[in-house]
Amino acid sequence: MSGSPVEHTDVGAYALGLLEEEDRRAFEAHLHGCGQCRAELRQMRGMADVLSDLRDEAAAPEPAPAPAPSPDAVERRRP
């Protein structure tokens, strides 16, 4: 959106912290006069937290797989 007029569609990007600095400031100024965007932002606040948690979980390293049993352990299991 950089350099363009503030749009109502920026609520989601703002809630997720995805707007660039200039766009964020412009959207915050827009929020003061737009009840529709304020209401939508209130509804999205919880969703932004959930999405942030999911992003953090996705970025976490996968646990190492369990090592394969040794051939000796496999032999001992056979009757």
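This is a short walk through the fold, the core, the salt bridges and one surface patch of the structure above.

Okay, thanks everyone. One thing up front: this is a predicted model, so please keep that in mind as I go.

Let's begin with the overall layout. The protein chain has 4 helices and 0 strands, so if you trace it along the sequence you just read α-α-α-α. There are 79 residues in the protein chain, and 18% of them count as buried. As for the outside, the accessible surface comes to about 6200 Å², and carbon and sulfur atoms own 55% of that. One more number on the fold: take the contacts in the chain with a separation of 6 or more, and 36% of them are between residues 24 or more positions apart.

Now the inside. Nonpolar side chains tend to be buried together in soluble globular proteins. So which residues make up the largest nonpolar core here? There are 9 of them: Val11, Tyr14, Ala15, Leu19, Phe27, Leu31, Cys34, Cys37 and Leu41. Three helices, α1 (11–15), α2 (21–33) and α3, each put in at least two residues. The largest share comes from α1, with 3 residues.

Two of those core residues deserve a closer look, and they're both aromatic. The structure holds 1 aromatic pair, and it is made by tyrosine 14 and phenylalanine 27. You describe a pair like this by the distance of the centres and the angle of the planes. For these rings, that's 5.2 Å centre to centre and 45° between the planes, which is a tilted arrangement. Tyrosine 14 sits in helix α1 and phenylalanine 27 in helix α2, 13 residues apart, so the pair links distant parts of the chain. And are the two buried or exposed? Both tyrosine 14 and phenylalanine 27 are buried.

On to the charges. Side chains of opposite charge can pair when their charged atoms come close. How many salt bridges does the structure hold? There are 3.

Let me go through them from glutamate 21. Its side chain meets that of arginine 24 at 2.4 Å, N to O. These two are 3 residues apart in helix α2, so about one helical turn separates them. Glutamate 21 also bridges to arginine 25, where the closest N and O atoms are 3.1 Å apart. Here the spacing is 4 residues in helix α2, again about one helical turn.

Then arginine 24 has a second partner, glutamate 28, with the closest N and O atoms 2.9 Å apart. Arginine 24 and glutamate 28 are both in helix α2, 4 residues apart, or about one turn of the helix. Because partners are shared, Glu21, Arg24, Arg25 and Glu28 join up into one network.

What about exposure? Glutamate 21 is partly exposed at 41% relative accessibility. Arginine 24 is partly exposed too, with a relative accessible area of 27%, and glutamate 28 is partly exposed at 25%.

Last stop, the surface. Leu16, Leu18, Met47, Val50, Leu51 and Leu54 make a nonpolar surface patch of about 550 Å². Take leucine 51 as an example: it lies in helix α3, residues 35–59. A relative accessible area of 38% makes leucine 51 partly exposed, and patch residues need over 30%, so leucine 51 clears that cut-off.

That's my tour, and I'm happy to take questions.

Technical notes: Residues numbered from 1 in each chain as written. Predicted model: local features only at pLDDT ≥ 70, side-chain atom pairs only at ≥ 80, totals over all residues. Heavy atoms only, no water. Patch = residues over 30% accessible without salt bridge, like charges linked within 9 Å, V, L, I, M, F, W, Y side chains within 5 Å. Areas by Shrake-Rupley, 256 points an atom, 1.4 Å probe, with all protein chains shown as cover. Salt bridge = Lys/Arg side-chain N within 4 Å of Asp/Glu carboxyl O. Buried < 20%, exposed > 50% of the residue type's maximum accessible area, 1.4 Å probe, protein only. Core = buried A, V, L, I, M, F, W, Y, C linked by side-chain atoms within 4.5 Å. Phe/Tyr/Trp six-rings, centres within 6.5 Å; stacked < 30°, edge-to-face > 60°. Contact = heavy atoms within 4.5 Å.
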